[in-house]
Amino acid sequence: MTEARRGTAASAPLWERDAELAAIAEAVDALCSGTALGSLVVFSGEAGIGKTALLTEARRMAEARRCTVWSARGGETLTSVPFNVVRQLLQPALISLMPDEAREYFGDWYDIAGPALGIAEPGARQADPQGVCDGLVAAVRRLARREWPLVLIIDDAHWADQETLHWLAAFAERLDDLPVLVLVARRPEGLTGASARHLDAVAATAGPTATLSALTPDATAGITRATLGAHADNPFCREVWAVTGGNPYETVELLAKVQDSALQPVEGSAAELRGLNQSARGRGLVDRLEGLGVDATRLAWAAAILGTRISLDLAADLAGMPPEDAQRCAELLGAARILTEADRSNGQVAGGELEFVHPLIASAVYRSIPDGLRTAMHGVAASVVTASGRGAAAASRHLLEVHPDDDPEVVEQMREAAREHLAVGAPDAARRCLERALLEPPVPEVHAHVLYELGCATLLTSPATTIQHLREALTLHGLERDLRVDAVCRLSQALVHNDQLEEAVRAIDEEATRLEHGPARMRLQAVHYMWEGIHAGEEDASGRSRRLAELVKPLTGRDNSERALLILRAFDAMTRGENAEEVVELCDRALVNGRLAPGLGWTDTEWTFELLMMLGVSYTYADCLDRAESLFSEARRAYETAGWSGGHLALALAYGGYVHRRRGSLTVAEDLLRESLRLADRVGRGLPMHWSSVCMLVDTLLARGHVGEAEEIAERYAFEPPHPSTIVLPDTHSVRGRLLIATGRVEDGLNELETAEKVAASRGGHNAVMAPWAADLALTLAAQDPRRAAEVAADLRVQAERFGTDTAIGEALRCAAALETGQRSIALYTQAVTYLEASPCSYEHALARVEYGIASRSATELERGLTLARSCGADGLAARAEEALAAGGGRR
């Protein structure tokens with residue numbers, strides 16, 4: 001049992017905490033000795049159970065070992081303030097860094113994480129929450145290496161803001177190579193939604209959570225005698241335990257009241273303990289506060305309204321008293337164990353920031369303020385905070401508590417606060433502000449604008465919510481034409497991401513009928529064709545293609561609406577297998593001097609990123625891999641620079657990885673595609689981006705010969721029917737059919753390939769490289785239905801020659817060669833190798849070389865194919881070539 005000094009109960013919460021103290025000591029020792037890197041300990045328990053005391057002792061231990069210690073605490077009234085706790089945590093480091101030094105130290109992450117930490121001005125565009133989280137992780141990792149060994153302490157994590165918990169969960173996953181010890185204390189209940197998920201993820205990273213128990217009767221007796229004297233008798237000590245339930249905080253407060261009242265610790269006095277305990281908490285605490293006088297009560301109320309790390313000056317302004325009176329009241333509250341400074345060693349309050357002695361006291365004081373007065377004080381606090389220069393975002397948490405009163409100024413304050421929150425990557429905080437603005441409510445001419453802004457704020461986090469707000473905004477008057485068109489385009493984008501593609505097209509068409517010919521209508525037409533172009537179940541694909549071709553024919557690419565339509569026409573022509581030279585010519589016309597036009601960049605918001613992905617994909621399947629790689633590399637740089645590390649970056653990595661797959665750099669492709677999936681998983685599960693990344697990764701793994709890994713990925717991500725409503729590249733039916741055949745499910749594989757054939761027929765043609773079902777179908781049918789196999793291969797060759805790329809023609813010739821025998825087969829393989837050698841696709845070239853070597857029994861061709869296969873990372877193909885050589889594969 002942990003001992004305490006006689007005459008004080010200060011260490012009472014540490015009684016019966018030997019196991020927890022030992023765990024902390026072991027973690028600190030390991031950190032300082034360098035035997036362990038990156039550890040996380042979570043303490044859980046009800047209010048007053050001693051979590052804060054454990055963390056205080058942990059700080060003492062760490063500082064005694066000369067560790068750097070940073071700490072922060074969540075606040076019950078501050079959960080709506082984004083990045084509040086992480087800012088507290090890093091404040092010592094941020095204060096010590098000059099602006100230029102901070103920029104140099106954080107590097108590329110400065111402009112991304114700096115605004116969230118309050119050390120840099122936010123950029124003009126909405127920050128990506130995931131990117132900001134990643135930036136904070138990177139920033140803290142760099143600070144950790146600067147300040148090692150470092151101990152991070154977060155108390156009352158259940159009251160931390162959602163953005164801090166998001167960062168903490170991500171940081172906890174990357175502790176294994178850092179000289180950092182993280183200690184977290186939380187209550188076991190009270191959290192829901194994203195905050196609960198983040199805190200659960202933190203606990204899962206830490207392993208078993210240390211759950212603190214109430215004190216036993218023996219420990220309570222020990223504390224009582226250590227505080228009041230050894231003469232405290234057993235009945236009295238037992239009653240102390242019964243009254244407090246073994247709660248350390250309540251035990252300390254009760255014994256302090258016993259000392260103040262000069263009550264003798266004997267059985268005859270035990271009956272008075274329950275009354276004393278009531279005065280130490282709840283209504284009794286409020287009575288004690290009121291006994292200090294009106295001024296002290298007003299200052300305590302002001303402090304409770306402001307939350308944690310309370311500025312005495314702000315509290316004085318809010319309480320409406322001069323600074324000297326506030327100082328006097330603060331000292332009274334310090335003596336009464338209600339308020340204190342961060343340094344509690346002497347029990348006195350000097351100038352600086354204040355804290356409540358315990359969160360239970362803060363909660364009791366806050367709830368003791370009469371409802372109407374509490375609301376009014378929040379309104380005054382908003383004015384005080386704004387006047388102090390802290391900005392609209394800082395004042396918004398108080399305005400959230402003020403009753404709606406038809407006040408246009410509050411609406412504008414909340415709109416400004418939402419803009420500030422969005423700029424630092426806190427869309428949920430922005431949402432709360434705009435939802436509060438709607439309750440005011442806004443005047444009619446502003447109402448639609450607030451709904452539009454609310455829809456934009458939730459676009460990255462909740463497509464369903466975005467749809468609701470934007471639809472309502474479009475029913476109201478007030479949105480100017482260009483803003484209304486933008487709202488419709490954003491609504492359609494949200495509908496697509498919510499798997500409501502047909503409704504997205506319908507929304508675009510309805511708005512387009514209201515407009516005259518011009519750039520605004522052409523933008524809507526472009527978006528219409530973009531969504532229809534990716535609709536897997538489109539019924540009139542051929543008709544749409546004809547209409548799009550007619551629309552694009554006279555366009556020169558003079559503005560971004562025309563350039564968008566040129567890209568869409570190129571993508572449509574590519575997917576249908578039209579002439580590749582025409583596809584490339586259309587793509588080139590959409591550029592300005594070979595570059596993306598201003599306003600049509602990867603992070604520009606007027607046009608969705610899907611459009612530029614279509615441009616890059618069109619180049620990819622037209623054998624212009626250098627141009628495609630340049631585009632997707634530019635996308636990756638743009639998103640990383642802007643801090644967009646969610647779905648945008650995931651898709652940039654996926655398509656960039658697939659360019660490497662087409663080029664034949666299979667190991668590089670696999671790495672990029674796996675990273676793409678990791679990022680996509682952080683956004684959600686079962687999204688369209690997952691289908692794209694999974695399909696590309698399965699295709700790459702099959703090319704490598706890693707069939708088992710491809711099957712595992714397919715099972716993990718449910719790569720099976722029903723297929724999404726949007727088309728996926730490469731064609732999902734083709735890739736899944738190939739996977740099923742590779743794993744021995746031949747009949748199922750044939751069904752998938754035949755489904756792909758029907759889809760291609762309904763669209764009026766297909767790109768034989770993007771949708772490679774024909775070659776697999778022909779080769780699988782060869783034994784059981786050679787005539788049908790020959791027909792499919794012949795049609796494939798016609799389609800490939802129509803498209804005209806070296807890859808498409810070479811692959812069609814390779815398929816035809818595999819169906820033939822003797823010299824006819826060898827002649828076709830010779831042509832296939834010639835085409836594929838000229839193409840940029842090394843894997844397909846290697847495959848043709850190996851098959852040619854086997855058919856011609858040429859060791860030279862097999863060795864060339866083996867060399868190519870190894871350079872591609874095609875392990876299965878290399879093994880096949882080695883096996884053929886070992887079996888006497890032919891002559892040189």
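**Stop 1: α10 and α11**

Start by selecting Phe236, Val240, Val243 and Thr244 in α10 of this predicted model, then add their contact partners in α11, which are Glu250, Thr251, Leu254, Leu255 and Val258. Colour the selection by residue class and you will find six nonpolar residues, two polar ones and one charged one in this contact. Now show the two helices whole: α10 covers residues 234-244 and α11 covers residues 248-261. Their axes come within 9 Å and cross at roughly 130°, and α10 and α11 are therefore oblique to each other. If you like to check handedness by eye, the crossing of α10 and α11 is right-handed.

**Stop 2: α36 and α37**

For a second helix pair, select residues 732-742 for α36 and residues 746-762 for α37. Here the axes come within 7 Å, with a crossing angle of roughly 165°. Are these helices roughly parallel or roughly antiparallel? An angle over 145° counts as roughly antiparallel, and α36 and α37 are therefore roughly antiparallel to each other. The crossing of α36 with α37 is left-handed.

To see the contact itself, show side chains on both helices. On α36, pick His733, Ser734, Arg736, Gly737, Arg738, Leu740 and Ile741. On α37, the partners are Val746, Asp748, Gly749, Glu752, Leu753, Thr755, Ala756 and Val759. By class, the contact of α36 with α37 is made up of six nonpolar, five polar and four charged residues.

**Stop 3: the loop before α36**

Stay here and move back along the chain to the loop between α35 (707-716) and α36, where Pro722 sits. Zoom in on the bond between Pro721 and Pro722: this peptide bond is cis, with omega about 0°. Pro730 also lies in the loop between α35 and α36, and a cis peptide bond joins Leu729 to Pro730, with omega about -10°.

Before leaving, select Ala718, which is found in the loop between α35 and α36 too. Its phi is near 55°, a positive value in a residue other than glycine. With a relative accessible area of 39%, Ala718 is partly exposed.

**Stop 4: Asp156**

Another positive phi in a residue other than glycine belongs to Asp156, where the angle is near 50°. You will find Asp156 in the loop between β3 (150-155) and α7 (162-172). Is Asp156 buried or exposed? Switch on a surface: the relative accessible area is 3%, so Asp156 is buried.

**Stop 5: aromatic residues**

Next, show the aromatic side chains. Select Trp602, Phe632, Tyr639, Trp644 and Tyr655 together, as they form one aromatic cluster. Across the model there are eight aromatic pairs. One of them is Phe632 with Tyr655: the ring centres are 5.6 Å apart and the planes stand at 20°, so the pair is stacked. Phe632 belongs to helix α31 (residues 625-642) and Tyr655 to helix α32 (residues 647-663), so the pair ties together parts that are 23 residues apart in sequence. Phe632 is buried, at 2% relative accessible area. Tyr655 counts as buried as well, at 11% relative accessibility.

Then jump to Tyr829 and Tyr852, an aromatic pair that is stacked, with 6.4 Å from centre to centre and 20° between the planes. Tyr829 lies in helix α41 (residues 822-838) and Tyr852 in helix α42 (residues 842-856), 23 residues apart. Both Tyr829 and Tyr852 are buried.

**Stop 6: Asp407, and a distance to draw**

Select Asp407 in the loop between α19 (392-399) and α20 (408-423). Asp407 is partly exposed, with a relative accessible area of 28%. Draw a line from its C-alpha atom to that of Glu16: the two residues are 391 apart along the chain, and these atoms are separated by 55 Å.

**Last stop: the whole chain**

Zoom out and switch to a cartoon. The chain has 44 helices and eight strands. Along its principal axes, the C-alpha trace spans about 110 × 70 × 50 Å. Of the 892 residues, 58% count as buried. Finally, if you draw a contact map, look well off the diagonal: among contacts between residues at least 6 apart in sequence, 67% join residues at least 24 apart.

How values were computed:
Residues are numbered from 1 along each chain as its sequence is written. This is a predicted model: local features need pLDDT of at least 70, side-chain atom pairs count only at pLDDT 80 or more; totals for chains, interfaces and linings use all residues. Side-chain values use heavy atoms; hydrogens and water are left out. Axes are lines fitted to C-alpha atoms, for helices over the stretch in contact, and angles run from 0 to 180 degrees between N-to-C directions. Helices (H or I, at least four residues) and strands (E, at least two) are DSSP runs, numbered from the N terminus. Angles under 35 degrees count as roughly parallel, over 145 as roughly antiparallel, 65 to 115 as roughly perpendicular and the rest as oblique. A crossing is left-handed if the near helix is turned anticlockwise from the far one by less than a right angle, and right-handed if clockwise. Contact means heavy atoms within 4.5 Å. Ala, Val, Leu, Ile, Met, Phe, Trp, Tyr, Cys and Pro count as nonpolar, Asp, Glu, Lys and Arg as charged, and the others, Gly among them, as polar. Rings of Phe, Tyr and Trp (its six-membered ring) pair if their centres lie within 6.5 Å; planes under 30 degrees apart count as stacked, over 60 as edge-to-face and the rest as tilted. Buried means under 20% relative accessible area, exposed over 50%, partly exposed in between (1.4 Å probe, protein chains only).
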